[in-house]
Amino acid sequence: LKPYLKVVKELTNNKLGNSSNVNLGHLKEGVLGNCRSTFLASDIMVSKPHWNDLSYTQKIALLLHECLHCEYGINHTRDIRDSFMCPKDIMHPNLAIQGCADMNLGNYIEQANEYIKKRRQEAKQCNAFHPFPKSIL
């Protein structure tokens, strides 16, 4: 997982993947990844049985998605798909199939960086009233 997490860090200018512990494990049926986050740390569990079946782009998309959950508190978006029936947003509840992930990874990376930018701006605006962890500022 570490080489993929390194790519996620590079794609987001080291703004994702820094405070998450990422491990392979067993999750309930149909779940590919899961975030458990506390104020002090965040843990991402990726489905061990499914990981090797995912393409490179799906692995990157999955880690972007889960890191956005854990490190920035970004929730799922609505189920909006493009004309090819591919998820339009990195925070779609379902991981894109390989062809969709290949076609949309650039968009997903841009979206991830936009989510980060927006959340960091929000954090700076309200930091005086509700301090955020320095990791997201």
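**Two asparagines in a loop and two residues of helix H3**

Asn14 counts as exposed, with a relative accessibility of 51%. In this passage, exposed stands for over 50% relative accessible area, buried for under 20%, and partly exposed for values in between, with a 1.4 Å probe and protein chains only. The structure is a predicted model, in which local features need pLDDT of at least 70 and side-chain atom pairs count only at pLDDT 80 or more, while totals for chains, interfaces and linings use all residues. Residues are numbered from 1 along each chain as its sequence is written, and side-chain values use heavy atoms, with hydrogens and water left out.

Asn14 belongs to the loop between H1 and E1. Asn13 lies in the loop between helix H1 (2–11) and strand E1 (20–25), and Asn13 is exposed as well, at a relative accessible area of 58%. Most residues other than glycine have a negative phi. Asn13, however, has a positive phi near 50 degrees, and the phi of Asn14 is also positive, at about 65 degrees.

The protein contains 4 helices and 3 strands; these are DSSP runs numbered from the N terminus, with at least four residues for a helix (H or I) and at least two for a strand (E). Their order along the sequence is α-β-β-β-α-α-α. The radius of gyration is 15 Å, close to the 14 Å that the globule rule gives for 137 residues, so the protein is as compact as a globular protein of that length. This radius is taken over C-alpha atoms, and the rule is 2.2 Å times the number of residues to the power 0.38. The C-alpha trace spans about 45 × 35 × 25 Å along its principal axes.

Of the 137 residues, 40% count as buried. The protein exposes about 8,300 Å², of which carbon and sulfur atoms supply 51%; the areas come from the Shrake-Rupley method with a 1.4 Å probe, and for residues only the protein chains shown count as cover. Contacts (heavy atoms within 4.5 Å) were also counted. Among those between residues at least 6 apart in sequence, 47% join residues at least 24 apart.

Helix H3 covers residues 56–72 and includes His69. Leu68 lies in helix H3 too. Leu68 is buried, with a relative accessible area of 0%. Apart from neighbours within four places in sequence, Leu68 is in contact with Leu16, Gly73, Ile74, Ile90, Met91, Ala112, Tyr115 and Ile116. One of these partners, Tyr115, is 47 residues away from Leu68 in sequence, and the two C-alpha atoms are 8.0 Å apart in space.

His69 also counts as buried, at 18% relative accessibility. Residues up to four places away in sequence set aside, His69 touches Cys35, Ile74, Asn75, His76 and Met91. Two of these partners, His76 and Ile74, are described further here. The side chain of His69 makes a polar contact with the side chain of His76, at 3.2 Å. A polar contact is a pair of N or O atoms within 3.5 Å; within protein, one must be able to donate a hydrogen and the other to accept it, and residues adjacent in sequence count only if both atoms are side-chain atoms. A polar atom of the His69 side chain lies 2.7 Å from the backbone oxygen of Ile74. The C-alpha atoms of His69 and Arg36 are separated by 8.9 Å, with their positions 33 residues apart along the chain.
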